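Let's take a walk through this fold, starting with one helix and working outwards. Have the model open and follow along.

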Amino acid sequence: MSLENPFQDPLRFERRIPECAVVIFGANGDLTKRKLLPALYRLAYERRLSSGFAVLGISRTPMSDEQFREKMCSSVAKFLEDSPFDQEVWTGFARSLYYMPGDISDPQAFLNLAARVKQIDAERQTGGNVLFYLSTQPSQYAETARGIGEAGMADGKGWRRIVIEKPFGHDLASARALSEELHKVFHESDVYRIDHYLGKETVQNILAFRFGNGIFEPLWNRRYVNNVQITAAESIGVEGRGAYYQEAGALRDMIQNHLLQVMATIAMEPSATFQPDAVRDERAKLLRTIRILKPSEVLDHSVPGQYGPARIGGADVPGFRQEPGVDPQSQTNTYAAATFFVDNWRWAGVPFYIRSGKRLPKRVTEIAIQFNSAPHAVFGENAEEATPNLLILRIQPEEGISLRFLSKRPGAGMKLRPVSMDFNYGSSFGERSPTAYETLLLDAMIGDATLYTRQDMVEASWSVVEPILDVWQEQKFDFPNYAAGTWGPKEADEMLARRGHAWRRP
C-alpha cells in the first residue's frame with residue numbers, strides 16, 4: 001500500500017517524524033498538559049520520534065527543565081488516553097524536554113528563546129527544523145508570530161512552521177487581519193491552523209467510506225439523499241469557562257469551524273489525488289458553495305438557544321446566566337442550530353441541518369444522512385415502510401458507522417421493522433486508534449497539511465456564519481429558552497418541521 005495516501009493511518013504505516021524541535025508557547029496551560037504532551041509521549045511510545053527530537057516549553061511561570069519534566073510526567077500519566085504509561089519510555093522521552101520562562105509581551109524573551117533553540121539544536125541535533133505551537137490566548141497569536149519574526153526565528157537552515165488553535169479570528173475581518181499578520185512572518189504553506197475534529201478517525205474515514213466503496217458514492221447526491229443532520233451535543237455546561245464562552249457562543253465556538261469543516265468533508269467532490277492541496281481545494285470549494293443567508297432569511301433558517309436551570313439526576317444544575325463570570329442578562333447562545341444549502345449540482349435543494357449545544361441530554365457527535373423513502377409502498381398500509389434508510393457516522397464517544405434499513409419481522413405476513421448494521425472501530429480492528437492530536441502533530445512535523453484548515457477555508461466559513469451573527473446581535477431573545485438536560489429550544493424542532501423533517505434523537 002502506498003505511503004503517499006495521507007488518509008492511511010499515520011501511526012501504522014511507519015510515517016516517521018524527521019529531526020525537529022517543537023516550541024510550545026503557553027506550555028504551562030491545560031492544552032499542553034491534557035493533549036499535547038500526552039500525544040507526543042504516545043508518538044515516542046510508538047517509536048515514531050527520531051533521536052534528533054526536542055520539546056521546548058515557554059510560559060511566564062518560573063520553572064527549571066527538571067521541574068517541567070516532573071510536572072509533565074504527572075500530566076501525561078493522568079491524561080494519557082487508552083495507553084499504558086511506560087516509565088522506561090518516559091525516561092528516554094523526558095530527556096528531550098526543556099523549559100524556559102518568558103513573557104511574550106517582552107521582546108527580550110524572543111531573543112532568549114532564539115538562543116535557547118540554537119543551544120538545543122546543537123545538543124539534540126534537530127537539524128534546524130522548528131515547529132512553533134501557539135497554545136496561548138487567541139489575542140496573542142499575532143504578537144507571538146511577530147516576536148518570532150523579529151528574533152529571526154522564522155528563517156533558518158531547516159523548515160519553520162507555526163501551529164495555531166482556533167478560533168481563527170472573531171469574525172471575517174479579524175480572521176483576515178490575523179492571516180495578514182501571520183503572513184508577514186510565515187508563508188501560508190507554513191501556517192497550520194489546527195482543527196482537532198479533522199484528526200478524528202471517523203471524520204477521516206468519511207473520505208475512505210465515500211471514495212473507497214463503489215456502493216455508496218453513487219447514492220451521495222440530491223437524487224437519493226433527503227437531508228443531512230450534523231449534531232455535536234455536550235452534556236456539560238461551560239465548566240468554569242463562562243467568561244470566555246460569553247464572548248464566543250456555540251455558533252462561533254463549534255459551527256463556524258469544526259462542524260462546517262465536517263460538512264465540507266461530507267459534501268465535497270472527490271479530489272483527483274489524495275494529496276494535501278488537492279483535498280483541501282475540494283473542501284474549500286464546497287465551503288464557497290454554501291448559500292449565504294440574506295438578513296431576512298436568518299431567523300427562519302437558524303435558532304439560538306441558552307440553557308436555563310434544571311434539576312438533573314437529583315441535583316440542581318445552574319443555567320448559563322448563573323455560571324461564574326457570566327452576565328446575568330447575557331444574550332450568548334449556548335445552543336445554535338442552522339439550515340444550510342449547498343448551491344451546486346450534487347446537493348441542490350438538500351438541507352444540511354447543523355446543531356451544537358451545551359447541557360444537552362448526552363455527549364454525542366454524529367452525522368445522520370437520511371435517504372429518500374422507496375418511491376412506491378409495495379406492502380400496503382405498513383407504517384414502518386415509511387421509515388427512511390439512515391446512515392449514521394458516529395464521531396464520539398464511540399467511533400463507528402451504522403446503516404438502518406427495513407427487514408421483514410419473523411412470523412406470518414409481511415410486517416417490516418427497521419434494523420441496523422453496525423461497525424465499531426474498537427471491536428472491528430481490535431487495536432487502539434490514535435488521538436486527534438497524535439495524528440495532527442505528526443502531520444505538522446512531517447509537513448502534511450491535508451487535515452489542517454487553510455486561510456480560504458477560514459474566510460469561507462466566516463462568510464457563512466457572519467450574516468447569522470449579525471442578525472442575532474440585533475435581536476433580544478427571550479433567554480433562557482431550553483432547560484438544562486433537554487434537546488434545545490422548541491424553535492429548533494419547528495425549523496425542521498417546516499420542511500417535514502425532525503431531528504434524530506441520538
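**A helix, a sheet and some aromatic company**

Start with helix H14, residues 490–497, whose buried residues are Ala492, Met495 and Leu496. Look down the axis of H14 and these buried residues fall within an arc of 90°, so they line one face of the helix. What do they pack against? The buried residues of H14 meet strands E7 (225–233), E8 (302–305), E12 (335–341) and E13 (351–357), along with helix H10 (298–301). Keep in mind that this is a predicted model.

Those four strands lead straight to the sheet. E8, E12, E13 and E7 come at one end of an open sheet of eight strands, and the full order reads E8-E12-E13-E7-E14-E15-E16-E17, with mixed pairing. At the edges stand E8 and strand E17 (416–424), each with a single partner strand, so one side of each has no neighbour in the sheet. On average, neighbouring strands here are turned by 15° against each other, if you ignore direction. As a reminder, strands of a sheet pair through backbone hydrogen bonds, either parallel or antiparallel. Zoom in on strand E15 (residues 390–396) and strand E16 (residues 400–408): they run antiparallel and are joined by five bridges. Within E15 and E16, you can find Leu393 standing opposite Ile401.

Now bring the helices that cross this sheet into view. H8 (residues 242–267) lies across E7, E12, E13, E14 and E15, and runs at about 145° to E13. H7 lies across strand E14 (364–371), E15, E16 and E17, running at about 145° to E15.

H7 is also a good way into the aromatic residues. The structure holds 22 aromatic pairs. In one of them, the rings of Phe209 and Trp220 have their centres 6.2 Å apart and their planes at 65°, so the pair is edge-to-face. This pair links distant parts of the chain, with Phe209 in helix H7 (residues 201–211) and Trp220 in the loop between H7 and E7, 11 residues apart. Are these two residues buried or exposed? Both Phe209 and Trp220 are buried.

Another pair is made by Tyr307 and Phe320, whose ring centres are 6.1 Å apart and whose planes meet at 70°, so this one is edge-to-face as well. Here too the pair links distant parts of the chain: Tyr307 is in strand E9 (residues 307–308) and Phe320 in the loop between strand E11 (315–317) and E12, 13 residues apart. Tyr307 and Phe320 are both buried. Elsewhere, ring pairs join Tyr41, Tyr45, Phe85, Trp90 and Phe93 into a cluster.

Rings also have charged groups over them. The charged end of Lys200 sits over the ring of Tyr197, 5.4 Å from its centre. Arg222 lies over the face of Trp345, at 5.8 Å from the ring centre.

While you're at E11, have a look at Asp316, which is placed in that strand. Asp316 is exposed, with a relative accessible area of 62%. Leaving aside residues up to four places away in sequence, Asp316 touches Ala310 and Arg311. Asp316 and Ala484 are 168 residues apart in sequence, yet their C-alpha atoms are 9.9 Å apart in space.

Finally, the backbone has a few details to check. Which peptide bond is cis in the loop between strand E5 (160–165) and helix H6 (172–183)? The bond from Lys166 to Pro167 is cis, with omega near 10°, and Pro167 lies in that loop. A cis peptide bond also joins Phe479 and Pro480, with omega about -5°; Pro480 lies in the loop between helix H13 (455–474) and strand E18 (482–483).

Then there are positive phi values in residues other than glycine. Arg47 has a phi of about 60° and lies in the loop between helix H1 (30–45) and strand E2 (53–59). Arg359, with phi near 55°, is found in the loop between E13 and E14. How do they sit with respect to the surface? Arg47 is exposed, with a relative accessible area of 53%, while Arg359 counts as buried at 16% relative accessibility, because buried means under 20%.

Note on methods:
Residues numbered from 1 in each chain as written. Predicted model: local features only at pLDDT ≥ 70, side-chain atom pairs only at ≥ 80, totals over all residues. Heavy atoms only, no water. Buried < 20%, exposed > 50% of the residue type's maximum accessible area, 1.4 Å probe, protein only. Helix = DSSP H or I, 4+ residues; strand = E, 2+ residues; numbered from the N terminus. Arc of directions from axis to C-beta. Contact = heavy atoms within 4.5 Å. Phe/Tyr/Trp six-rings, centres within 6.5 Å; stacked < 30°, edge-to-face > 60°. Lys NZ or Arg CZ within 6 Å of the ring centre and 35° of its normal. Pairing = 2+ DSSP bridges. Axes fitted to C-alpha atoms, helices over the stretch in contact; angles between N-to-C directions.
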